[in-house]
Amino acid sequence: MLTRALLQSSSSQSTVYFVDVYSSNEGEAEYALEYAALSFSPGKENRPEVYVHTYLKPDVTLNKIRWPDVYSAIGITKERIEKDDKLPSLDDMLSSDYLKNRCIVCFDEGIEPVNAIVNSAGEFQSIKRMWEKTFCSEQANSQKALECTTLDQMCRFVGILDDNAKNTNYTPLLKKLYKMAALWEFLNNCIENPKLKKNLSLGNLQMSLIWPLPDTKKQWFNVECDSFESTTDEMINELFDGTLSDRINWFELGMYANDWEFKRNVAFSSSNLTGVNDLASFIFTRVMNFDIQLWVLCFYALYQHKTEVAKNIALAHGDFSCLNSANKEHFSYFIIDNLDIFLNPSQKKKLISSLVRQSFRARAEKSYEYLDFKKMKKIDEKNRTAQKYYFFKEARDARYIRQNSGQLLFISFDVKGRGKDREVSSDYAVNNIQSFYLQAKNVFSDIWVGSDLKVWLEFITGYSFTDIAAVPKYNDSDELKDIRKLLSEILQKEAYPYLADLYNFLQNCVNLVRQRSLEPVEKTYCFQEISILFKINPPARLGFLKKLLSFS
């Protein structure tokens, strides 16, 4: 028996939560199949909202459940539970404890498994006990009231209407909670104002904003709309001012406080991404169609409880630059964090192509910058801190400077020397140029995919770039193979014009080497932020002694 005192009134509470669990065998927690909770702020002109709703994986084998009775009671089949491998169990929901320290209202706290839920509540009320307290007098009317033991009986007694069945989006359990909320509101008023009970004998209907539920609307708006521009402010206000959750099919959608997936697995965090606001704006306005845009705003309003912000975005025709910086960033991250939900494969491909194209274009716009290899290396060697900002590599007739991230910044190819030394130098220069071009042909290399782009690709695909760029293995998953193929095609397509220009430059350098020219030549080029210097140095003049030795 629970020992905590029942609440006398919830007027001091900002929010109360109505909760119930459906079990195919009443009172037996292992047969639980649905869990739901509504949140409600008394005194405000609004209706309760769905706070938690999910079907459950029972703790008994599915064959033990009388499924015809379940379908008749809550409208779901055995197949509905079987096909969803992400469904939590009742124990999962209890351990997540979405209602911990909250003010909870249930119908009867003594029935399993509701008593397990109210155990962690801050305070709770029971409709059953409120009913008994309201009608505890010896009057004949009260005696009839105490004969009512079910929610439907109690509601009929006080004049709360039965369900008109015109709302088909809410599950029977959610409807039960809305009806319970209407009765709770009435009983609270009776406890505070006992005179209200006298009107019950007159058979008056109880007017409530909570119940009955409004009729289901099959469309977002009363007229056909294909863009925000085709909507009016009146239509937007109607959508976001109170009717939003009524349009959601709760038979198909879950609600876990702030998410529609139970303990969602996140492969990569969005915290390391750059340019989130700009990319979110591009995705919302250029990649998503109008229906998806509306779903994004509705989900944002429902799950992040940002109805006013979502409405303002819709009123601004999808332009969320009108928001303050905090709301803009919050909405941007909401879009990015849920790309996997909002974008279909075709839209993801379009997004990846756009990201790659913008990255290649931005890096191609950088101008050539000469980096003095010897001077920078000397400064770096004097740096006594553990942090190295550059790495230097000096091969035969080629020099490379890289950032500590591994990104190549500068490369130089040199032809120098006299006679046979010059011939060897020319051969090395050609080999170095060809080797660099082979690296550039690998579109998965750091030459093309910088750290910022790499993080985005990992976030969107859900795979590490190391796995994507790795040599294919026989045991790679089909999904990884498909992603690798898709990225390869996109990268090659977007890289082609830049690679063609690089080829022309390098081929021109190779031709100059092969001409065995002794005249000085210096050519520069910038390729994807890599500054390239090609030099043909004239043969050094020999001193008098070297000339004699050379002659002899």
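# Chatting through a predicted model

Reader: Hi! Where is Asn432 placed?
Author: Hello! Asn432 sits in helix α17, which covers residues 419-441. Keep in mind as we go that this is a predicted model.

Reader: Okay! Is Asn432 buried or exposed?
Author: Asn432 is buried, because its relative accessible area is 12%, and the limit for buried is under 20%.

Reader: And what does its side chain reach?
Author: The side chain of Asn432 reaches the backbone oxygen of Arg396, at 3.0 Å. Leaving aside residues up to four places away in sequence, Asn432 touches Arg396, Asp397, Ala398, Tyr400 and Phe413.

Reader: What about Glu423, where does that one lie?
Author: Glu423 lies in helix α17. Glu423 counts as partly exposed, with 47% relative accessibility. Its C-alpha atom is 9.6 Å from that of Arg514, and these two residues are 91 residues apart along the chain.

Reader: New topic! How do the axes of α15 and α18 cross?
Author: Helix α15 (residues 345-364) and helix α18 (residues 451-461) have axes that come within 11 Å and cross at roughly 175°. The two helices are therefore roughly antiparallel, because angles over 145 degrees count that way.

Reader: Nice. Which residues make the contact?
Author: From α15, they are Lys348, Leu351, Ile352, Leu355, Val356, Ser359 and Phe360. From α18, they are Leu453, Trp456, Leu457, Ile460 and Thr461. Sorted by class, the contact has 9 nonpolar, 2 polar and 1 charged residues.

Reader: I see numbers like 348, 351, 352 and 355 in that α15 list. Why do residues three or four places apart point the same way in an α-helix?
Author: An α-helix has 3.6 residues a turn, so residues three or four places apart point the same way.

Reader: Got it! Which residues of helix α12 are buried?
Author: In α12 (residues 307-315), the buried ones are Val309, Ala310, Lys311, Ile313 and Ala314. Their cover includes α9 (233-240), α10 (276-287), α11 (290-303) and α13 (325-337). Just after α12, His317 takes a positive phi of about 60°.

Reader: Which sign of phi do most residues other than glycine have?
Author: Most residues other than glycine have a negative phi. Another positive case is Asp97, with phi near 50°. Asp97 is in the loop between α3 (90-96) and β4, and at 25% relative accessibility it counts as partly exposed. Gln528 also has a positive phi, near 50°. Gln528 is in the loop between β10 (521-527) and β11 (530-536), and Gln528 is buried, at 1% relative accessibility.

Reader: Switching again: which residues does a cis peptide bond join?
Author: One cis bond joins Glu112 and Pro113, with omega about -5°. Pro113 lies in the loop between β4 (103-106) and α4 (114-118). The bond from Trp211 to Pro212 is cis as well, with omega near 0°, and Pro212 is in the loop between α8 (172-192) and α9.

Reader: Last one! How many disulfides does the count come to?
Author: The count comes to 0 disulfides. For Cys103, the nearest cysteine sulfur is that of Cys106, 11 Å away. Cys103 is buried, with a relative accessible area of 3%.

Reader: Why is the sulfur of Cys526 not in a bond with that of Cys509?
Author: The closest cysteine sulfur to that of Cys526 is in Cys509, but 14 Å is too far for a bond, because a disulfide needs the sulfur atoms within 2.5 Å. Cys526 counts as buried too, at 15% relative accessibility.

Key:
Residues are numbered from 1 along each chain as its sequence is written. This is a predicted model: local features need pLDDT of at least 70, side-chain atom pairs count only at pLDDT 80 or more; totals for chains, interfaces and linings use all residues. Side-chain values use heavy atoms; hydrogens and water are left out. Helices (H or I, at least four residues) and strands (E, at least two) are DSSP runs, numbered from the N terminus. Buried means under 20% relative accessible area, exposed over 50%, partly exposed in between (1.4 Å probe, protein chains only). A polar contact is a pair of N or O atoms within 3.5 Å; within protein, one must be able to donate a hydrogen and the other to accept it, and residues adjacent in sequence count only if both atoms are side-chain atoms. Contact means heavy atoms within 4.5 Å. Axes are lines fitted to C-alpha atoms, for helices over the stretch in contact, and angles run from 0 to 180 degrees between N-to-C directions. Angles under 35 degrees count as roughly parallel, over 145 as roughly antiparallel, 65 to 115 as roughly perpendicular and the rest as oblique. Ala, Val, Leu, Ile, Met, Phe, Trp, Tyr, Cys and Pro count as nonpolar, Asp, Glu, Lys and Arg as charged, and the others, Gly among them, as polar.
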